[in-house]
Amino acid sequence: MTSKTISKGILRAIGFIVGVALLLYFLYIIRSVLAYLAIAAVVALIGRPLVKFLRLKLKFPNILAVVATMLIMVGVLAGIVALFIPLLSEQSKNLSLLDIDELQKSLNALYHQITNFIGLSSHIVEDVIEDVGLEKNILQGLDIGFIPDFLNSFLTVLSSASIGLFSVLFISFFFLKDRRLFEHGLLIFIPQTKKQRTTNSIEKINNLLSRYFVGLLLQIFILFVIYTIVLLIVGIENAVVIAFLCALFNIIPYIGPIIGGVMMLTLTMTSNLGFDFSEIILPKTGYVFLGLVFGQLVDNFFSQPLIFSNSVKSHPLEIFLIIIIAGLLFGVVGMIVAVPGYTAIKVILKEFLSENQIVKSLTHNL
């Protein structure tokens, strides 16, 4: 091997590394556009069954079916915003969602009521806690910022996302209008010999993920209805908003229901401060807790099996392991995208490596 050949190899390697670095930098610069494309793809997958229903069952022209679907989805979004924003802005003090100091005071007052109810002096409890090396104030080190963080982020996105919303709606419209738009763009980079397999993979991924996202919306809606009924029966103010927030947390697998449940119980107790703990606060909290348990039982034994088994064709244990691994690697975002990402990978493996024994065992239901 001559020095000229070695130098060419080094230059080629350097050029490749520089090219990859420039590509990654470019993707980083346009990360907002990539986010718009990803969100628009999800919106298109959710709206796809409705467009198909309008075209095939009601005989709508394709463009009219797409316009009707977009209007329905925008109407639903506008209804949520119209419900959500005014109540949060006007009742934030009562809900103690956006005021950490107020929530901290409420929890401290509730802590003293609980210790008095069980017959213990708060000073005794604090002395015991201090003896075991914990904070003297049991709530002093409690980080409750997760409650308003999610809400503030949500409100910030809503208030500053007008351009993003327009972009997502614009892209979603063309994704729905031309179902193969994304496919045609992707096939440009695929060799001719693999285009048919790629087309088959994209079609199957679209079908599976469309059912998955629609099922996820159904899961959130079922929990929303259950939580709303429970909170209305118990007599909690702003029951619809609280129920919507707690149901929305179920987007995060496994951890989300716990966060939503803690938030609902906390708001139930703090919204009734000033009333007798044993006669008012404790019974209401107990009823809300039973409603949470009922909602999670329905979710775990009905909603989730329906989504995972009938949409993504994966065993619940398989899904559990994938979500845990994705969470360890990429955090909460990884947990959210674990199921659709894993489903897409399974479809691609089945299409291109169908003879592999491991792939066969993992994809036999697809």
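Visitor: Let's start with Glu203. What is its relative accessible area, and is that buried, partly exposed or exposed?
Guide: Glu203 has a relative accessible area of 27%. That makes Glu203 partly exposed. Keep in mind that this is a predicted model.

Visitor: Which side chain does Glu203 meet in a salt bridge?
Guide: Arg48. The N to O distance is 3.0 Å.

Visitor: Where do the two partners lie?
Guide: Glu203 is in helix α9 and Arg48 is in helix α2. They are 155 residues apart in sequence, so the pair ties together distant parts of the chain.

Visitor: Why would such side chains pair at all?
Guide: Opposite charges can pair when the charged atoms come close.

Visitor: How many salt bridges does the structure hold?
Guide: It holds 2. Besides the Glu203 and Arg48 pair, Glu318 forms one with Lys346. There the closest N and O atoms are 3.5 Å apart.

Visitor: And Glu318 and Lys346, buried or exposed?
Guide: Both Glu318 and Lys346 are buried.

Visitor: Step back a bit. How many helices and strands in the protein chain?
Guide: There are 14 helices and 0 strands. Read from the N terminus, every element is an α.

Visitor: What share of the residues is buried?
Guide: Buried residues are 36% of the 366 in the protein chain.

Visitor: How much area does the chain expose?
Guide: About 21,500 Å². Carbon and sulfur atoms supply 71% of that area.

Visitor: What about contacts across the sequence?
Guide: Take the contacts with a separation of 6 or more. Of these, 67% join residues 24 or more positions apart.

Visitor: Now the inside. How many residues are in the largest nonpolar core?
Guide: The core has 24 residues. Those with the most contacts inside it include Tyr227, Leu231, Met264 and Val288.

Visitor: Which helices supply at least two residues each?
Guide: α9 (195-234), α10 (239-248), α11 (255-270) and α12 (277-310). Of the contributors, α9 gives the most, with 8 residues.

Visitor: Pick Val288. What does it touch?
Guide: Leaving out residues up to four places away in sequence, Val288 touches Val230, Leu231, Val234, Met264, Leu265 and Thr268.

Visitor: What about a second core?
Guide: There is a separate one of 18 residues. Among them are Leu209, Phe213, Ile319 and Val339.

Visitor: Over to the surface. Which residues make the nonpolar patch?
Guide: Phe16, Ile17, Val20, Leu23, Leu24, Phe26, Leu27, Val33, Leu34 and Leu37. The patch covers about 910 Å².

Visitor: Which elements give two or more residues to it?
Guide: α1 (3-29) and α2 (31-56). The most come from α1, with 7 residues.

Visitor: Zoom in on Leu27. Which helix holds it?
Guide: Leu27 is in helix α1. Its relative accessibility is 33%, so Leu27 counts as partly exposed.

Visitor: One more residue, Ser172. Where does it lie?
Guide: Ser172 lies in helix α7, which spans residues 162-177.

Visitor: Why does Ser172 count as buried?
Guide: Because its relative accessibility is 0%, and the buried class is under 20%.

Visitor: What lies 3.5 Å from a polar atom of its side chain?
Guide: The backbone oxygen of Ala40.

Visitor: And which residues does Ser172 touch?
Guide: Ala40, Val43 and Met70, again not counting residues up to four places away in sequence.

Key:
Residues numbered from 1 in each chain as written. Predicted model: local features only at pLDDT ≥ 70, side-chain atom pairs only at ≥ 80, totals over all residues. Heavy atoms only, no water. Helix = DSSP H or I, 4+ residues; strand = E, 2+ residues; numbered from the N terminus. Buried < 20%, exposed > 50% of the residue type's maximum accessible area, 1.4 Å probe, protein only. Polar contact = N/O pair within 3.5 Å; in protein donor to acceptor, adjacent residues only side chain to side chain. Contact = heavy atoms within 4.5 Å. Core = buried A, V, L, I, M, F, W, Y, C linked by side-chain atoms within 4.5 Å. Patch = residues over 30% accessible without salt bridge, like charges linked within 9 Å, V, L, I, M, F, W, Y side chains within 5 Å. Areas by Shrake-Rupley, 256 points an atom, 1.4 Å probe, with all protein chains shown as cover. Salt bridge = Lys/Arg side-chain N within 4 Å of Asp/Glu carboxyl O.
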